[in-house]
Amino acid sequence: MTGKPEGPGNESGVLTKTKSKTQRPPLYKVMLLNDDYTPMEFVVHVLERFFGMSHAQAFDIMLTVHKKGLAVVGVFSFEVAETKVAQVMDFARRHQHPLQCTMEKE
Ligand code: TYC
């Protein structure tokens, strides 16, 4: 390490303070994309199963994606977001639906 010592006190004898800003981990938005083929009920099921939404909440978000083209379905740490995306993509692929799920740094 190089540079001046941080925190209270240095070689000048003058007491100094260094503000220690709390470091927050970056967050990632997980988004669902609309397509013309995935059944609405399948998307609702995905939102209930992988994002812990109620049926009403899941239906609402599904309709938002259907109308607007995409919607943020949750905000997570990198690892959790990555896992959600992988789970949704794998589930959709296994059911042969073209549903797409992506993540983006907030
Ligand atoms: N647009 C699809 C349909 O009309 C429904 C749908 C909604 C698909 C949300 C994907 O992320 C999606 N069957």
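**Exercise 1. Pairing of β1 and β2**

Find the bridge partner of K29 in β2, then state how β1 and β2 pair.

*Solution.*
Step 1. Work on the predicted model. K29 has V75 as its bridge partner in β2.
Step 2. Take a second pair. M31 is bridged to V72 in β2.
Step 3. Read the sense of the pairing. β1 and β2 are antiparallel, and six bridges link them.
Step 4. Recall the general rule. Strands in a sheet are held in pairs by backbone hydrogen bonds, in a parallel or an antiparallel sense.

**Exercise 2. The whole sheet**

Determine the strand order of the sheet and name its edge strands.

*Solution.*
Step 1. Look at β1 and β3. These strands run antiparallel and are joined by six bridges. One partner pair is L32 with C101 in β3.
Step 2. Write down the order. The open sheet has three strands, arranged β2-β1-β3, with antiparallel pairing.
Step 3. Pick out the edges. β2 (70–76) and β3 (100–105) each pair on one side only.
Step 4. Add the twist. On average, neighbouring strands of this sheet are turned by 30° against each other, direction ignored.

**Exercise 3. Helices against the sheet**

Which strands do α2 and α3 meet, and at what angles?

*Solution.*
Step 1. Start with α2. This helix packs on the sheet and touches β1 and β2. Its direction makes about 130° with that of β2.
Step 2. Turn to α3, residues 78–94. It lies across β1, β2 and β3. Relative to β3, α3 runs at about 165°.

**Exercise 4. The ligand site**

List the polar contacts of the ligand with L33, N34 and T38, then describe the shell.

*Solution.*
Step 1. Begin with the ligand oxygen. A backbone N or O atom of L33 is 2.8 Å from an oxygen atom of the ligand.
Step 2. Go to ligand nitrogen. A polar side-chain atom of N34 lies 2.8 Å from a nitrogen atom of the ligand. A polar backbone atom of T38 is 2.9 Å from a nitrogen atom of the ligand.
Step 3. Assess the cover. On its own the ligand has 350 Å² of accessible area, and the protein covers 89% of this.
Step 4. Assign the shell to elements. β1 (28–33), α1 (40–51) and α2 (55–68) each give two or more residues. α2 gives the most, with three.
Step 5. Name the residues. The ligand is surrounded by L32, L33, N34, D35, T38, M40, V43, M62, V65, H66 and L99.
Step 6. Sort by class. The shell holds seven nonpolar, three polar and one charged residues.

Conventions: Residues are numbered from 1 along each chain as its sequence is written. This is a predicted model: local features need pLDDT of at least 70, side-chain atom pairs count only at pLDDT 80 or more; totals for chains, interfaces and linings use all residues. Side-chain values use heavy atoms; hydrogens and water are left out. A residue is near a molecule or strand if one of its heavy atoms lies within 4 Å of it. A polar contact is a pair of N or O atoms within 3.5 Å; within protein, one must be able to donate a hydrogen and the other to accept it, and residues adjacent in sequence count only if both atoms are side-chain atoms. Accessible areas come from the Shrake-Rupley method with a 1.4 Å probe; for residues, only the protein chains shown count as cover. Helices (H or I, at least four residues) and strands (E, at least two) are DSSP runs, numbered from the N terminus. Ala, Val, Leu, Ile, Met, Phe, Trp, Tyr, Cys and Pro count as nonpolar, Asp, Glu, Lys and Arg as charged, and the others, Gly among them, as polar. Two strands pair if DSSP finds at least two bridges between them. Axes are lines fitted to C-alpha atoms, for helices over the stretch in contact, and angles run from 0 to 180 degrees between N-to-C directions. Contact means heavy atoms within 4.5 Å.
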